[in-house]
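Colleague: I am new to reading protein models, and I would like to learn how the words people use are tied to the values behind them. Could we go through one together?
Modeller: Gladly! Take a look first, and then ask away.

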Amino acid sequence: MVEHKVKNETVRQECAIMEMIKFIKARRREWNLHVERAERNRLIRAARDFIPGGRRTRSRSKKRWKEGCLSSPSDQA
């Protein structure tokens, strides 16, 4: 019995499928641009730009959605 192993990267290239991380980052950029075009008084814009007061608990991550979305361009491949 002969096993034929094909790397995931090869299958993605042949099927023109984007890597999951690149796909997620691209969709976040698209969504951010969509929200940016919205009027300032729209709920989606207010929710994105909202900065809560107070401190986060120890177990919470330090980045918020907007900070992760607007990280350095080298991260957004």
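**Asking what the words rest on**

Modeller: Let us start with one residue: Asp49 has a relative accessibility of 28% and counts as partly exposed. Please keep in mind that this is a predicted model.

Colleague: Why is Asp49 called partly exposed?
Modeller: Buried means under 20% and exposed means over 50%, with partly exposed in between. Asp49 has 28%, so partly exposed is the right word.

Colleague: What makes Arg45 count as buried?
Modeller: Its relative accessibility is 7%. The cut-off for buried is under 20%, so Arg45 belongs there.

Colleague: How do you know that Arg45 and Asp49 meet in a salt bridge?
Modeller: The rule asks for a side-chain nitrogen of Lys or Arg within 4 Å of a carboxyl oxygen of Asp or Glu. For Arg45 and Asp49 the N to O distance is 3.7 Å, so the pair meets the rule. In general, side chains of opposite charge can pair when their charged atoms come close.

Colleague: How many helical turns separate Arg45 and Asp49?
Modeller: About one, because they are four residues apart in helix H3. Salt bridges that share partners also join Arg45 and Asp49 with Glu36 and Arg48 in one network.

Colleague: What makes Glu36 and Arg48 a salt bridge?
Modeller: Their N to O distance is 3.0 Å, and the limit is within 4 Å. Glu36 lies in helix H2 and Arg48 in helix H3 (residues 43–49), so this pair ties together parts that are 12 residues apart in sequence.

Colleague: Which words fit Glu36 and Arg48, buried or partly exposed?
Modeller: Glu36, at 41%, is partly exposed, whereas Arg48, at 12%, is buried. The value for Arg48 is under the 20% cut-off.

Colleague: Which salt bridge lies within helix H2?
Modeller: Arg27 forms one with Glu30, the closest N and O atoms being 3.2 Å apart. Both residues are in H2, three residues apart, about one turn of the helix. Arg27 has 47% relative accessibility and Glu30 has 44%, so each counts as partly exposed. A search of the whole structure finds five salt bridges.

Colleague: How do you know that the span of H2 agrees with what is expected?
Modeller: At 1.5 Å a residue, its 18 residues should span 26 Å. The end C-alpha atoms are 26 Å apart, so the two values agree.

Colleague: Which residues in H2 are buried?
Modeller: Ala26, Asn32 and Val35 are buried in H2. Ile24 is also placed in H2 (residues 20–37), but Ile24 is partly exposed at 35%.

Colleague: What makes the nonpolar surface patch, and why can Ile24 belong to it?
Modeller: Met18, Met20, Phe23 and Ile24 make this patch of about 400 Å². A patch residue needs over 30% relative accessible area; Ile24 has 35%, so it passes that cut-off.

Colleague: Why is the pattern of the chain written α-α-α-α?
Modeller: The chain has four helices and zero strands, and α-α-α-α is the pattern read along the sequence.

Colleague: How much of the chain is buried?
Modeller: Buried residues make up 10% of the 77 residues. The accessible surface comes to about 7400 Å², of which 55% belongs to carbon and sulfur atoms.

Technical notes: Residues are numbered from 1 along each chain as its sequence is written. This is a predicted model: local features need pLDDT of at least 70, side-chain atom pairs count only at pLDDT 80 or more; totals for chains, interfaces and linings use all residues. Side-chain values use heavy atoms; hydrogens and water are left out. Patches are made of residues with over 30% relative accessible area and no salt bridge: like charges are joined within 9 Å, nonpolar side chains (Val, Leu, Ile, Met, Phe, Trp, Tyr) within 5 Å. Accessible areas come from the Shrake-Rupley method with a 1.4 Å probe; for residues, only the protein chains shown count as cover. Helices (H or I, at least four residues) and strands (E, at least two) are DSSP runs, numbered from the N terminus. Buried means under 20% relative accessible area, exposed over 50%, partly exposed in between (1.4 Å probe, protein chains only). The expected span of a helix is 1.5 Å times one less than its number of residues.
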